[in-house]
Amino acid sequence: MSLKSDKFPSSAAFDAINDALKTDADKKDAIKQGNAVFAFNLKNAAGETESWHIDLKNKGEVGKGLGEKPTVTLSLSDADFGNLVAGKANAQRLFMSGKLKIKGDVMKATKMEPILKKAQTKAKL
């Protein structure tokens, strides 16, 4: 089942992240690094919002919706998320400029970078 939504072009990254978590070794490694549930609220150019989550606390999987008790929730535009995953944007700069809103454990948000890097290599977004 694809996690991609046609209204949110950058959502293809969630499929890539899911692919990066296919093997048990990758899952264990990601859970050890992340140890959190990351929720993403993306807003597209039309002003619509949709949510995805990456569970790196229990299951090591990606899904639609906010997931179970997200440790940290990141809200940003679809375009900014696409740039972030592609390595064209810096999360810290997006946060400082107000384009990225973080709710919950801000320090856990910093643990997302290695997981996004894995998606970059798998997807070539």
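Helices here are DSSP runs of at least four residues, numbered from the N terminus. With that in hand, let us walk through this predicted model, beginning with its open spaces.

Rolling a probe the size of a water molecule over the atoms shows where empty space is left. The largest pocket has a volume of about 440 Å³. Of the 20 residues lining this pocket, A91, Q92, A109, T110 and E113 come closest to its centre. Which helices each supply at least two residues of the lining? They are helix 4 (91–96), helix 5 (106–109) and helix 6. Helix 6 gives the largest share, with 5 residues. By character, the lining of the largest pocket divides into 13 nonpolar, 5 polar and 2 charged residues.

Next comes a closed space. The structure holds 1 cavity of 30 Å³ or more, and the volume of the largest cavity is about 30 Å³. You can find its lining at I17, A20, L21, A30, I115 and K118. Helix 1 (12–20) and helix 6 (112–123) each supply at least two of these lining residues. The lining of the cavity counts 5 nonpolar residues, no polar ones and 1 charged.

Finally, let us visit a single residue, H53, which sits in strand 2 (residues 49–55). Is H53 buried or exposed? H53 has a relative accessible area of 12%, and because buried means under 20%, H53 counts as buried. Leaving aside neighbours within four places in sequence, H53 is in contact with several residues, including F38, A39, E61 and L66. K64 is also among the contacts of H53, and the backbone oxygen of K64 lies 3.4 Å from a polar atom of the H53 side chain.

Definitions and conventions:
Residues numbered from 1 in each chain as written. Predicted model: local features only at pLDDT ≥ 70, side-chain atom pairs only at ≥ 80, totals over all residues. Heavy atoms only, no water. 1 Å grid on protein atoms, 1.4 Å probe; cavity = no way out; pocket = protein on both sides within 12 Å on 5 of 7 lines; lining within 4 Å. Points joined across faces, edges and corners; volume = space filled by probe spheres on them. Nonpolar A, V, L, I, M, F, W, Y, C, P; charged D, E, K, R; others polar. Buried < 20%, exposed > 50% of the residue type's maximum accessible area, 1.4 Å probe, protein only. Polar contact = N/O pair within 3.5 Å; in protein donor to acceptor, adjacent residues only side chain to side chain. Contact = heavy atoms within 4.5 Å.
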